[in-house]
Structure formats: C-alpha cells, structure tokens
Amino acid sequence: MTYQHHQDLHLTYSPERGYWHFMLYIEPPGHTGSAINAAQQLDASASRYAAEWRDRLTLCAPDALHVSLVTPDDAPKLWHPCVYDDPDSPSAIAGDGCVCWQTFRDPITWLPVAVHHYRTVTGKHEHWKYHTYAPLALPDGERLTTLIIDREAHMVWARTDRGTLHILPEKQAAGYGTGYHGSGPTELARMIEKIVASDGYDAAPGTPNELPADTVLKWTSSQAAAHTQELTLHQLALLCRTGVVA
C-alpha cells in the first residue's frame, strides 16, 4: 500500500508551542495514525516514573491528534463523559460501569494523550490505559543526564538537566527492550551510543543501521539490563568503554 497524504493533515510542529514533529496519515478505510512518531501504551500506575509523567498531564478537549490514537469505532467516545460525570453517558454501562475515553495533553511537549477507562459494573475491575506518542527529540537546549529503564511500566525514560522526565524519543517501528537477543536491545544500544557520543544532547531517534558495539549490545541483551534502574550519563559512557555500568 502506498502512502497517501490526506489534504486536511499536515506537519504540525511549531517551535512556539512544542516539539512533537507530527505528521498524520490516513490508512484506508479511514484510520488515522502517526507517520513518524511511535505509539506508546502504558499503565500510569505501574511505576513511580509513569505516575510522575501522568501527574503533569492536563485535561483538554479532543482534537485530531487524539483521534489518531484510537480506532475509528472508539473515536466518538472521546466526546462521551465518564460515568463518574454522567451515569447516563453513552459510554456508561448500567450507570456504574464505563468504557469511556478521556483526553489530556502533556503541557511540556504538547503530546496528545488518550486515556481509556474500563470499569465493570460494581467496580470490581477498573483500570486506566494511557495512549500517547513518543517525542522525536528532547526540548531544545536540554541535555539527557539520566536514562531510566522502567521494567514495571515497560518503558524507557529520559531525565534532563532540568529535572524533567520524558519518554525516550523513539520513531515508529523502532522499540526498545532489554534482557533478550533481538531488535529492542539492539535499538537501545544504538541510542545509548548516540547519547554518549553527543554528551547527552542528541537523543533523536534514527540510529545507524549497523550493529552497535558488542560491549554495549551484550549488556542491553543481558539480565543485568532487565530490571528497573537509573543510569547516569557517566555510567552510560562507562558502559560504552568497558561493557559495565558500575
């Protein structure tokens, strides 16, 4: 299937408002998605890092970027109130259960966030699943000082010299992983090398296609990397030189 640009969708990057670097596409029979940014799904209560990111989100009205995060069948639900706000909402079930969606925005990056609320009648089972996109860069002038492997939330985060937590920049179809032999650890090893080579200033995705150094790849593929941990820029540089982080 060839790429077809929809006349109403275009690059929405604005230096004054944020750095999302978004381009949307329409995929027949009408599903909207991102042409560049990698989609992310997380349980924001799974880890303290995910909760920190969640707590800064601001509620907002749905827009085209939120629509791109959900299926065509779910898109109308972005405008339905939660059962907590209206027991007669189209997304409410028997006035107590709920399958609504709520929309937020990250006030730092302007990334859209669509949150799916699932609650059974009587509330025996209830959870919130957060859908968003990874950025394609850190904010201009910010430097990555800590890389965070978050196994509880299945995420990789970047903390900058301003203390701000970000989803590690990632492009579509290039995910990160640890503790096994595969593309995820390879992509993370490439990103680590890129971060170290730029002294923390370049975390833009799009790493070289060649394999990373064996010392780094062995570590990201090993069980030493397969647990929640914070790695400083100094430790990342040490990893690139020696294959260990301490």
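**View 1. T146, a buried residue in strand β10.** T146 has a relative accessible area of 11%, so it falls under the 20% cut-off and counts as buried. This is a predicted model, so keep that in mind for every view here. T146 sits in β10, the strand that covers residues 144-150. Setting aside neighbours within four places in sequence, T146 touches W157, A158, R159, E230, L231 and T232. Take T232 from that list: its C-alpha atom is 4.4 Å from that of T146, although their positions lie 86 residues apart along the chain.

**View 2. W53 and Y130, an edge-to-face pair.** Searching the whole structure turns up two aromatic pairs. In the pair shown here, the ring centres of W53 and Y130 are 6.1 Å apart and the planes meet at 70 degrees, so it goes down as edge-to-face. W53 belongs to helix α1 (residues 48-55) and Y130 to strand β9, so the pair ties together parts that are 77 residues apart in sequence. Both residues, W53 and Y130, are buried.

**View 3. W53 again, this time with W157.** Here the ring centres of W53 and W157 are 6.4 Å apart and the planes are at 50 degrees, so this pair is called tilted. The pair links distant parts of the chain, with W53 in helix α1 and W157 in strand β11 (residues 155-160), 104 residues apart. W53 has a relative accessible area of 2%, so it is buried. W157 comes in at 0% relative accessibility, so it counts as buried too. Put W53, Y130 and W157 together and you have one aromatic cluster.

**View 4. Strand β3 alongside strand β9.** β3 takes in residues 39-42, and its two faces are not alike: Q40 and L42 are on the covered face, while A39 and Q41 are on the uncovered one. β3 and β9 (residues 126-133) run antiparallel, joined by four bridges. Look for Q40 in this view: its bridge partner in β9 is T132.

**View 5. T103 in strand β7 and what surrounds it.** T103 is part of β7, which spans residues 101-105. With a relative accessible area of 4%, T103 is buried. A polar atom of the T103 side chain lies 2.7 Å from the backbone oxygen of C60. Once neighbours within four places in sequence are left out, the contacts of T103 are T58, L59, C60, A61, P62, H66, L78 and V113.

Note on methods. Residues numbered from 1 in each chain as written. Predicted model: local features only at pLDDT ≥ 70, side-chain atom pairs only at ≥ 80, totals over all residues. Heavy atoms only, no water. Buried < 20%, exposed > 50% of the residue type's maximum accessible area, 1.4 Å probe, protein only. Polar contact = N/O pair within 3.5 Å; in protein donor to acceptor, adjacent residues only side chain to side chain. Contact = heavy atoms within 4.5 Å. Pairing = 2+ DSSP bridges. Phe/Tyr/Trp six-rings, centres within 6.5 Å; stacked < 30°, edge-to-face > 60°.
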